[in-house]
Amino acid sequence: MDEKFEHGSLDLAHFIMNDNKFAQGENLLKCVQCGMCTSACPGAQHSDYNPRDMIEYILEGDNSIIESEDIWNCFYCYTCHSICPVGNSPCQANQVLKQIAIDEGIADEHLRPFLGFGDSFLNHGMGGIPQNFFKEMREDIGEEWWDFKNHLDDVRTQLGLGPVYPDEDSIEEISTILVKCGFKDRVEKIREIKDYEK
């Protein structure tokens, strides 16, 4: 998308329908507020996130939804997308809302915990579990995971598998692409935000 969302300058629903992340076109306008999306949404079952309400805000042109903490409880399982009787996609609309919030600089606190993913792409050429998630994973999954993680190279060697990470030339090429497209700058901008803790 070339145009930037500006509060009050462009209808929110129109903006979302014209975003590349939203592939459902005018189906957004067909929402009948039946609530099927919310009834099937795992995020709605475990938080205050409500995809039906989110779409209502969008259709009413209420831009306050962009600043809602609740939209961050959608994790794009696409259940709402698959169940909607009119072919709408609340999760795709949510992606556009989040991108607007990111572009406006009001979402950085939601991005900070995931900086490690960005670092992994830059330094290793692929995604990986950031260290800041290790403690919770050890607690949630158990010491078996930690032992497996610490001995992954040995396990892969025993199975006749190659290394997990790409070769150095590939990593350098991927990193160069990420620098040139502005990915590294964005990661650094988020990292500089006050009160960030690794």
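Reader: What share of the chain's contacts between residues at least 6 apart in sequence join residues at least 24 apart?
Author: That share is 61%. Keep in mind that we're looking at a predicted model.

Reader: What makes aspartate 19 count as buried?
Author: Buried means under 20% relative accessible area. Aspartate 19 comes in at 5%, so it counts as buried. Across the chain, 34% of the 198 residues get that label.

Reader: Why does lysine 21 count as partly exposed?
Author: Partly exposed sits between the 20% and 50% cut-offs. Lysine 21 has 32% relative accessibility, so partly exposed it is.

Reader: Why is the pairing of lysine 21 with aspartate 19 called a salt bridge?
Author: The cut-off is a Lys or Arg side-chain nitrogen within 4 Å of a carboxyl oxygen of Asp or Glu. Here the closest N and O atoms are 3.8 Å apart, so the pair passes.

Reader: What makes aspartate 53 and arginine 52 a salt bridge?
Author: Same kind of check: their N to O distance is 2.8 Å, and the limit is 4 Å, so they qualify. Aspartate 53, at 26%, is partly exposed, and arginine 52, at 25%, is partly exposed too.

Reader: How do you know that glutamate 56 and arginine 52 are separated by about one helical turn?
Author: Because they're 4 residues apart in helix 4, which covers residues 51–59. They also form a salt bridge, with closest N and O atoms 3.8 Å apart. Put together, Arg52, Asp53 and Glu56 are linked in a network of salt bridges.

Reader: How many salt bridges turn up in the whole structure?
Author: A search finds 8.

How values were computed. Residues numbered from 1 in each chain as written. Predicted model: local features only at pLDDT ≥ 70, side-chain atom pairs only at ≥ 80, totals over all residues. Heavy atoms only, no water. Buried < 20%, exposed > 50% of the residue type's maximum accessible area, 1.4 Å probe, protein only. Contact = heavy atoms within 4.5 Å. Helix = DSSP H or I, 4+ residues; strand = E, 2+ residues; numbered from the N terminus.
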